[in-house]
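Me: Please take a close look at the salt bridges in this model, one pair at a time. After that, carry on to the aromatic rings, the helix packing and the cysteines.

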Amino acid sequence: MFYLAIWIFLGALPWFLPQRFCPESTASPKRTAPIDPAVILDLANAGLAAGSSIPRVLSALATACREPRLAQVSRALIFGVAWEAAWSLLRQNNQSPEWARYLSQALEPAWKDGVSPEALLKGAGVRVRAGKDQRARQAAQKLSVRLVVPLGICQLPAFILLGIVPVILAGLEEL
């Protein structure tokens, strides 16, 4: 009974230890994978469909994507900066995130002309997904070509040794 109490105590001990003793807290912060541009376009579409303004949606996306430069774009639009000048704030070293171009192109007619952005965002999402699907198919085709040689090198000798050589040896025994 005493040993059972000790095992229960030792088993429950990690839940009561301070956080600094956990190995996760000493590890470096984990980097998150970049968010798929199609998901960002869908989130923007959902926010706009719910009735939010474009700057408010951009601010919410900045929080969701952990992209503070997108929040700067949102504030610049609120203060009346021109569309191109506001989106240039997102560039860093003359490069912007992959999704920024799609989002900017889909929202620009809505901002300048008052066009409904729903169809533009959905179309951009479809184009992003189609491009991603096409790249995946091309990568799969390249992989299948690259696998032919190693499989041939491994399978052909095994086929010869296990399939053809016994037939030849059986044929030689009959002579």
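Reply: Arg137 and Asp133 form a salt bridge, with their closest N and O atoms 3.2 Å apart. A salt bridge here is a side-chain nitrogen of Lys or Arg within 4 Å of a carboxyl oxygen of Asp or Glu. The model is predicted, so local features are reported only at pLDDT of at least 70 and side-chain atom pairs only at pLDDT 80 or more, while totals for chains, interfaces and linings use all residues. Residues are numbered from 1 along each chain as its sequence is written, and side-chain values use heavy atoms, with hydrogens and water left out.

Both partners of this bridge sit in helix H8, 4 residues apart, or about one turn of the helix. Helices are DSSP runs (H or I, at least four residues), as are strands (E, at least two), and they are numbered from the N terminus. An α-helix has 3.6 residues a turn, so residues three or four places apart point the same way. For accessibility, buried means under 20% relative accessible area, exposed means over 50%, and partly exposed is in between, with a 1.4 Å probe and protein chains only. Arg137 has a relative accessible area of 52% and is therefore exposed; Asp133, at 38%, is partly exposed.

Some of the bridges share partners, and in this way Glu84, Glu108 and Lys112 are joined into one network. Within the network, the side chains of Lys112 and Glu84 meet in a salt bridge with an N to O distance of 2.9 Å. This pair links distant parts of the chain, as Lys112 belongs to helix H7 and Glu84 to helix H6, 28 residues apart. Lys112 counts as partly exposed at 46% relative accessibility, and Glu84 is partly exposed too, at 45%.

A further bridge in H8 joins Glu118 to Lys122, the closest N and O atoms being 3.2 Å apart. These two residues are again 4 residues apart in helix H8, about one turn of the helix. Glu118 is partly exposed at 40% relative accessibility, and Lys122 is partly exposed at 46%. Over the whole structure, the search finds 7 salt bridges.

H6 and H7 also meet through aromatic rings. Rings of Phe, Tyr and Trp (its six-membered ring) count as a pair if their centres lie within 6.5 Å; planes under 30 degrees apart are stacked, over 60 edge-to-face, and the rest tilted. By this rule there are 2 aromatic pairs. In one, the ring centres of Trp83 and Trp87 are 5.6 Å apart and the planes are at 45 degrees, so the pair is tilted. Trp83 and Trp87 lie 4 residues apart in helix H6 (residues 83–88), about one helical turn. Both Trp83 and Trp87 are buried.

Trp83 also pairs with Trp111, again tilted, with 6.0 Å centre to centre and 35 degrees between the planes. Trp83 is in helix H6 and Trp111 in helix H7 (residues 98–113), so this pair ties together parts that are 28 residues apart in sequence. Trp83 counts as buried at 4% relative accessibility, whereas Trp111 is partly exposed at 33%. Trp83, Trp87 and Trp111 make up one aromatic cluster.

A charge is also placed over a ring: Arg101 lies over the face of Tyr102, 4.6 Å from the ring centre. The rule asks for NZ of Lys or CZ of Arg within 6 Å of the ring centre and within 35 degrees of the ring normal.

H7 and H8, together with H4, are among the elements that cover the buried residues of H3, where contact means heavy atoms within 4.5 Å. The buried residues of H3 include Ile40, Leu41 and Leu48. Helix H3 (residues 37–49) has 13 residues that should span 18 Å at 1.5 Å a residue, and its end C-alpha atoms are 18 Å apart, which agrees. The expected span is 1.5 Å times one less than the number of residues. Just after H3, Gly51 takes a positive phi of about 105 degrees.

Last, the cysteines. The search of the whole structure finds 0 disulfides, a disulfide being a pair of cysteine sulfur atoms within 2.5 Å. Cys65 counts as buried at 17% relative accessibility, while Cys154 is exposed at 54%.
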